[in-house]
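Good morning, colleagues. Please have the sequence and the structure open while I go through a few local features.

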Amino acid sequence: MTDAGLVVLATLRDERYDTLRDAADGADGEGGAGRMAAERGLRVLNMVEPVVVRRLWSDTELDRVAEVDDSRLVEAHARHGIHGIAEYLAAGPELLGEWRRAERATTRGGHPRGAALVAAAADLARIGLIGDLPETLLREVHERYLAALGGPALRPESYADAIAWATRIRYGVASLLMEGEEENTKRPFDYLVDSVARDPDAPDVPEAVWRTALRQADDRTRPLIAQTASLSGRWALAEEAWRPLAEAGTEQAIVNYASAQLFQMKDLARIEALLRPVAEAGDPVAQLNLGVVLLLRGEADEAAVWWLASADAGLPAAAYNLFRHLGALGDEEQAETWLRRAAEGGYVHAFSTLAALLHQRGDSREAEPWWRRAAMAGDTEAMYVFGHLLRLRDDDQAELWLCRAAERGHDRAAEIMGNAAEERGDLADAEKWWRMAAEAGNAEAANELGVLLSRRGDRADGAVWYAKGAEAGHTVAMFNLGAWLADQGDLDEAKKWHRRAGEAGYLSSLNNLGALHRADGDLHLAEEMFRRAAAGGDIKARLNLIGLLIEDGRSPEARTLLLELLDDPDNTEEIYAYAAVVRQAGMTHVVRTLLRWMADAGRTDAAHNLGTQYFIDGNLDEAARWWRVSAPAFPVSAYNLSRLLSDQGETEEAASWLRHAADAGYPRAALKVADQLVDFARPDLGVERLLPLAGERPEAAFLLGLLFLTGLSDHQEGEHWWHRAAQEADANTAFDFAGYLAERGGEPVHVEFWCRKSAEAGHPRGALNLGAMLANRGQVEEAEAWLATAVARGLDDAAEPLAQVREYLTRQETS
C-alpha cells in the first residue's frame, strides 16, 4: 500500500495505542511468535503520523455540529452530556446491544437482574424523573421488569452482581448505569433512554411505575412527568401530577391541570371556572383552552373572541382554531389568513393543511415548502406527498422521504417504493415493499406482488395476493385471478371474477369472459361479452367478435368491423397477433378471411402474409398469386416467390424476382445472388452485392472474404473479412461455412479454418471433422484432443475415430 501511495486512515484508543507500544518489550522470548507479532505492530505504529483527537470537543467544534443537517449529530449534540460526541455515537449502540443480550438467563450468559435495573432506570428517565435516581427506587421498581423478563426462571444474579455489571465501565468512560453525583444514586446512559423513546415497539411504561415516579417526584421533576404523561395521552396521570402544583396557585400549573381535565372531557363548568380567571389575566394558553370549552358548550362566537386574543398574543394553535371557525362560516379569505399565521408561527397541523389548500388551488410551487416542513415535523402523509413530488422530478431525496413514510405505515408510499425498486431491477426490494403495502391493505401492491410471484414461478402464492387485491376491489387483480383460475380449470370461479371486473368497467375481463363462454359453446353470451368490451374500445374483443361472426357466416358485419380497425395503423400489430393465435388454434379459415379482406383493402403486408398462409396450407398457386401482389413492395415476398418458382422450374421468372429482392436490399436474396456469382466466377459483381451487407451479417462477410481469397487473389482483404465473419458467427454458422466450402471443393486450409472456428465455439461435429482432418494430415496428438472433445460433447460418431487415433498413438509409443 505504501508503494501504491495509498493513504490509510484508522482510529485507535489511547489505551490500545499504549498497549501496542509496550507489547514488544513485554513479549516472550527472542524470536517467539508473541514477540514477532508485537514487533510487527510496533513497526506499523512507527510508520504512522498520529493525530490526537480529544475525547471532549471544543466549543467551536460543538457550534459547528449544531449547524450540520444530520439528525444523528444533532441528537448527539443535544444529548451527549458529560460524554464526548464520538462516545455517544460509538459506545451507545454497543451498550444498547449488550443490554438487550443480557435479558437471557444467567445459565446462558445473561444478566437478567442487571438488564431489569437498566430498563427501570431508562423508563423512569423517559417519563420525566431525570437526574440521579436513588438506588432504593431502582431496587423497588426493577423487580417489575425482572418479572416481565421471566423472573426466577432466569436464575437472576444477586443485586450486588447486577449493580456491578451495570456500572462497569466500557469503551473508556461509558457504562449502562452511570454513578450519580450523590452517594448511592445512579442514572442511565442517555443513549439508552433515547433509543427506548424512539423505538415504536417499546412497551408502554407500566402504570405502577408512573405512580412510583410521582411519589418520588419533587417540584423540579413533577412538571416533567406531567408533560410526558400529556404527550403520551395519559391525561389522568397528567391531572394527578399537576394537581398539587395547581392547588399551590401556580398559574401555568392551573392551566395544565385544567387542560388535562379538558382532554378527559370532565366537568366543563368546573374547567371553565379554572381557566377564565387566568385567561382574563392574559394567559394565551388559558384563552385557547377556554375557547375550546366554550365551543364544546355551543358558544362558538365567544370562543372565537378568546382565540383571537390568544392568536394576537402569538399562539399559533389559536390562529389554527380561528381558521377552522371562519372556514365553517364560509369566510375563506379570512380563514386562509389565520391558517397562514398558524403555519408561519410553527403550528405543525397548519403546515400540511396549508400545503393541501395551496395544492388544491393549483399552486404546487408554494405548497411544496409547506409539505417539506410538515414532513420534517413528522407528518407521515406529508412525507409521502413531499417524496412523491420529488420523485416526479427525479430528485435523489424522493426515496428518502417515501421510505420514511412507508416505514411509518403509509401503504401508498410503500407501494411506490416497490415500484421504484422494480424500475431499477431490484426485485427482492420490490417484493419487500409491495408485501408491506399489501399487508396494510393496498390493493395495487397486492396485485403487483401477485404478478412478481407468478413471474418467478410461484403462481399459487401469486394467486393468494391476486385474491386479496380482488376482494379489495382492484379490477386488474380480479382479471389476473380469473385468468389463473381458468388455467387451473376452475371455470365457474374464473367467470365470477371476470364478470365482477367487467361490471366494474375492466374491458379485458369482459373479453376473457366471452372467450370462456365461447369455449363452453354458449355463443350467444360470448357474442354479448365481446360486443360490450368492443364497444368500450377493447381491440382484442373486437377481433374475437369478428372471428365469431366469420365462423357464424356473418361476413358483411365482420368485414365492416375489420375495415374500421384498419383506419388506425396502430391496430395492425393487434390484428396480426390475433391471426397468430387463431392460426395456432386451427382456425385457418378465419386467418385467410381476415388477410384477404386486408389485402383487398390495399394492404400489401396482408397480401404477403396471405401468400405465406396459403404456402403453409400447401396451396402453392394461391401463395404465388398473393406474393406476386406484394412482391413489388415487399422484398421478402419477391424472395419467397423466386424460391417457389425455382422449385416449379420457372427459372427465368424466379431469377427476375430474386434480382428484384436483392436490388431492394433483402439480405438473403443478396447472399443468394452473390453465391451464384461465386459459382459463375464473377467476383467483381459479387463484391458489389456483398459490401453493403458484410458489416452486419457474417454470411455476407464470409462470402466477401471468399471472393477476395479465390476470385480476386487479395489475401489480405479476404482474411480481413473472414476474421470479421468469425467474430460474428456462432458455432452453427461457422460449421455451415465449413460445409459450404467442402461441398464446393474449397481449399482444405479454408475448410479447416472454419471447422476450427466452429469447434472452438462448441460445435461437436465441428470438433469431429477438425479431428479427422488433423489425423489425415498426421497431426494425431491434436486430432486426439479434438476427437475427445467431440465425444465429451455427446457425439457418439466420434468414438470410433478417437479409438483408432489412440490405438495409433499407443503403437507409436510401443515402437
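**Local packing in a predicted model**

I begin with Val780, which is buried, its relative accessible area being 14%. Please keep in mind that this is a predicted model. Val780 belongs to helix H46, which covers residues 780-792. Which residues does Val780 contact once its neighbours within four places in sequence are left aside? They are Leu774, Ala775, Val805, Tyr808 and Leu809. For Leu809, there is also a backbone distance to report: its C-alpha atom and that of Val780 are separated by 7.5 Å, although the two residues are 29 residues apart along the chain.

I turn next to two buried glutamates. Glu415, in helix H23 (residues 411-423), has a relative accessible area of 6%, so it counts as buried, the cut-off being under 20%. The side chain of Glu415 forms a polar contact of 3.3 Å with the side chain of Asn442. Apart from neighbours within four places in sequence, the residues in contact with Glu415 are Trp434, Ala437, Asn442, Glu444 and Ala445.

The second glutamate is Glu527, located in helix H30, residues 523-535. Glu527 is buried as well, at a relative accessible area of 14%. Its side chain and that of Arg554 are joined by a polar contact of 2.8 Å. Not counting residues up to four places away in sequence, Glu527 touches Leu545, Leu548 and Leu549 in addition to Arg554.

Let me now consider a helix pair. Helix H24, residues 427-439, packs with helix H25, residues 443-455, at an angle of about 145°, and their axes are 8 Å apart. The crossing of H24 past H25 is left-handed. On the H24 side, the contact is made by Leu427, Ala430, Glu431, Trp434, Arg435, Ala437 and Ala438. H25 contributes Ala445, Ala446, Glu448, Leu449, Leu452 and Leu453. By character, the residues of this contact comprise ten nonpolar and three charged, with no polar ones. Trp434, Ala437 and Ala445, which take part in this contact, are also among the residues that Glu415 of H23 touches.

Helix H21 deserves a closer look. How far apart are the end C-alpha atoms of H21, residues 380-392? They are 19 Å apart, which agrees with the 18 Å that its 13 residues should span at 1.5 Å a residue. At the N-terminal end, Asp379 acts as a cap, with a side-chain oxygen 3.0 Å from the backbone nitrogen of Glu381. After H21 comes Asp394, which has a positive phi near 60°. The buried residues of H21 are Ala382, Met383, Tyr384, Val385, Phe386, Gly387, Leu389 and Leu390. These buried residues pack against helix H20 (364-376), helix H22 (398-407) and H23.

Finally, I come to two loop residues. Arg155 sits in the loop between helix H7 (135-149) and helix H8 (159-167). Although it is not a glycine, Arg155 has a positive phi of about 50°. Is Arg155 buried or exposed? Its relative accessible area is 60%, so Arg155 is exposed, the threshold being over 50%.

Met265 lies in the loop between helix H13 (251-263) and helix H14 (268-280). Its phi is positive too, at about 55°, and Met265 is not a glycine. With a relative accessibility of 51%, Met265 counts as exposed.

Thank you for your attention.

Notes. Residues are numbered from 1 along each chain as its sequence is written. This is a predicted model: local features need pLDDT of at least 70, side-chain atom pairs count only at pLDDT 80 or more; totals for chains, interfaces and linings use all residues. Side-chain values use heavy atoms; hydrogens and water are left out. Axes are lines fitted to C-alpha atoms, for helices over the stretch in contact, and angles run from 0 to 180 degrees between N-to-C directions. Helices (H or I, at least four residues) and strands (E, at least two) are DSSP runs, numbered from the N terminus. A crossing is left-handed if the near helix is turned anticlockwise from the far one by less than a right angle, and right-handed if clockwise. Contact means heavy atoms within 4.5 Å. Ala, Val, Leu, Ile, Met, Phe, Trp, Tyr, Cys and Pro count as nonpolar, Asp, Glu, Lys and Arg as charged, and the others, Gly among them, as polar. Buried means under 20% relative accessible area, exposed over 50%, partly exposed in between (1.4 Å probe, protein chains only). A polar contact is a pair of N or O atoms within 3.5 Å; within protein, one must be able to donate a hydrogen and the other to accept it, and residues adjacent in sequence count only if both atoms are side-chain atoms. The expected span of a helix is 1.5 Å times one less than its number of residues.
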